Amino acid sequence: MALDGLVIANLTYDLETALSGGRIQKIYQPENDALVLTIKNNRKNYRLLLSANASLPLVYLTEEAGNNPLTAPGFCMLLRKHLNGGKILSVTQPGMERILIFDIEHLNEMGDLCRKRLVIELMGKHSNIIFCQPDGTIIDSIKHISASVSSVREVLPGRSYFIPNTMDKVDPSSVSREDFISRMQASPSPVSKAIYTRFTGISPVVAEELCYRASLDSRQDTGSLSENEYLHLYRIFSQMMEDVKNHVFSPNIVYDGKQPVEFSCIPLTSYHGMTTVSFDSMSEVLRTYYAEKNAATRIRQKSSDLRHIVTTALDRTRKKYDLQIKQLKDTQKREKYKVYGEMINTYGYDLPDGAKVLNCTNYYTGKEMAVPLDPTLSPRENSLKYFERYGKLKRTYEALTTLTEETRQEMEHLDSIATSLNIAVSEADLAAIREELVRSGYVKKHTSGKKPQKSRMVSQPFHYISSDGYDIYVGKNNLQNDELTFKVASGNDWWFHAKGIPGSHVIVKSGNDDLPDRTFEEAARLAAYYSKGRDSEKLEVDYIQKKFIKKPAAARPGFVIYHTNYSMMIAPDVSGITLVSS
């Protein structure tokens, strides 16, 4: 998530193009550290969000109006007084800093033409929105920074505004080849770190991309680079900066499946096996990225209680399973005790009183053996003692064999629910998983005085269209897997599932056609991706026609059996497969 100098340069160009010459119509402050400006330019209204939030500083054009408080904060009132009706003269970025400067022309109370400057600093916890005179005198700011908070710079009315230079970085857009190499060689460090710590506006993501384009190991020490490697790196570096200066941008988001991973204004060629989606503007990138990221974060937060329930139950079940396996191993000596009893009955008739061992030939193996004896007991009592041990261990073995299988199935069921939680993309999906946990007894059903309503599944499966035009459905949880396999799929439709691990049931509606190989491969890729083995390089996927799938009586949700299936090894990758609905 690199809101770096390059992204700000792209944003500056977009905003300068859209807003320069426009008039500020409205100003309101929906949050303590955020503003929304409505600007009219070229017969079109724009909404500009300016956020100095410490954890998520942002500037972009938005369609959402946001909340307009009935009582405006003091900073908002000040801006309204000076800037309402003001004309945006320019939007600039100093150097490659994470700073946007709006120069605005307006009329004062006397009707005289004046200028003001609105500075937005997008620097993490140091983010701020500062209102200045043209000479840099601070009129006010959305956050006041006193000397007790920062020893580097005060941000208070009456103080002079300046950009602190605490990192000894230089503007990458104007650095010479000699200066670039000397700064890279200044002190030993990994190549990527040297790039983003010595040049303004370069993020670790861009530094990694530069190393990748230059065919360099980003972890390689700067002192180990040859002259030719430095020259090649500088050539790549200067080409990138030249594109920025010429406003050659490629706003994009990199996706891992449906999850947004990174965004930038340059092509990120180092992200292998992921999908890159291009956009028309950086504002559109930021709107989309953070909306999707926030949606994923929100679902993650809402599922935290379910995750805790599943994780706790899974840990408890695993401990129980390990204990049962250990006890089951202890029963393996039962046959030895049975043989001991039989040997005493066969050879113990002439044992002397007080004997501690019976040496005899084991008639099962033909080998000599020694049977330990309790000297205080008679041969018959020793024999009965061993048979009792055998009987007890045999009963334990039979009981544990059943219990262990039940515990293993419970563990697999919980593991499949944990996988469903990772697949969930909506609150409806979480509701279906909670319903499964209620049915399985892991969550108590909430009861009230009201008449219980019949529950219904509102969560919908993923719907894909193969490259050959066939509908592919992917279950998001066990209840939905059963629904797809036994109600949606017909006999000649094809069923796919990752072999031996929790995952989604994938159904291809064949329409009684012979499916093309490409559709088989795409369905297998989906089955591999929507499974616990998503991060594997390749997975084995089973596939078979639905008519050969059976569900045992009283089986847990999502559990099926099948025989004589086909299998293929496939990469868990959904790129290039059209998602219709989720």
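A disulfide is a pair of cysteine sulfur atoms within 2.5 Å. The views below come from a predicted model, in which local features need pLDDT of at least 70, side-chain atom pairs count only at pLDDT 80 or more, and totals for chains, interfaces and linings use all residues. Residues are numbered from 1 along each chain as its sequence is written, and side-chain values use heavy atoms, with hydrogens and water left out.

**View 1. Cys211 and Cys265, two cysteines without a disulfide.** The structure holds zero disulfides. Why is Cys211 unpaired? Its sulfur is 17 Å from the closest cysteine sulfur, in Cys265, and that is too far for a bond. Cys265 is likewise in no disulfide, its nearest cysteine sulfur being that of Cys211. Cys211 is buried (under 20% relative accessible area; exposed is over 50%, partly exposed in between; 1.4 Å probe, protein chains only). The relative accessible area of Cys211 is 1%. Cys265 is buried too, with a value of 1%.

**View 2. The salt bridge between Arg434 and Asp305.** A salt bridge puts a side-chain nitrogen of Lys or Arg within 4 Å of a carboxyl oxygen of Asp or Glu. The structure holds 20 of them. In this one, the closest N and O atoms are 2.5 Å apart. The pair links distant parts of the chain, 129 residues apart: Arg434 sits in helix H11 (residues 427–439) and Asp305 in helix H8 (residues 304–330). Helices (H or I, at least four residues) and strands (E, at least two) are DSSP runs, numbered from the N terminus. Both partners are partly exposed: Arg434 at 29% relative accessibility, Asp305 at 34%.

**View 3. Arg439 and Glu435, a salt bridge within helix H11.** Side chains of opposite charge can pair when their charged atoms come close. Here the closest N and O atoms are 3.1 Å apart. The two residues lie four places apart in helix H11, about one turn of the helix. Arg439 is exposed, with a relative accessible area of 55%. Glu435 is partly exposed, at 22%.

**View 4. Asp217 with Arg219, and a salt-bridge network elsewhere.** Asp217 forms a salt bridge with Arg219. The closest N and O atoms are 3.3 Å apart. Asp217 is partly exposed, at 37% relative accessible area, while Arg219 is exposed, at 67%. Which residues make up the network? Glu405, Arg408 and Glu412 are linked in it by salt bridges.

**View 5. Asn362 in strand E13 and its contacts.** The strand covers residues 357–362. Asn362 is buried, at 10% relative accessibility. Contact means heavy atoms within 4.5 Å. Leaving out residues up to four places away in sequence, Asn362 touches Val339, Met343, Lys367 and Met369.

**View 6. Ser215 and Asn512, two loop residues with positive phi.** Ser215 is not a glycine, yet its phi is positive, at about 60°. Where is Ser215 found? It is in the loop between helix H5 (204–213) and helix H6 (227–245). Ser215 is exposed, at 66% relative accessibility. Asn512, also other than glycine, has a positive phi near 65°. Its place is in the loop between strand E18 (506–508) and helix H13 (517–529). Asn512 is exposed, with a relative accessible area of 60%.
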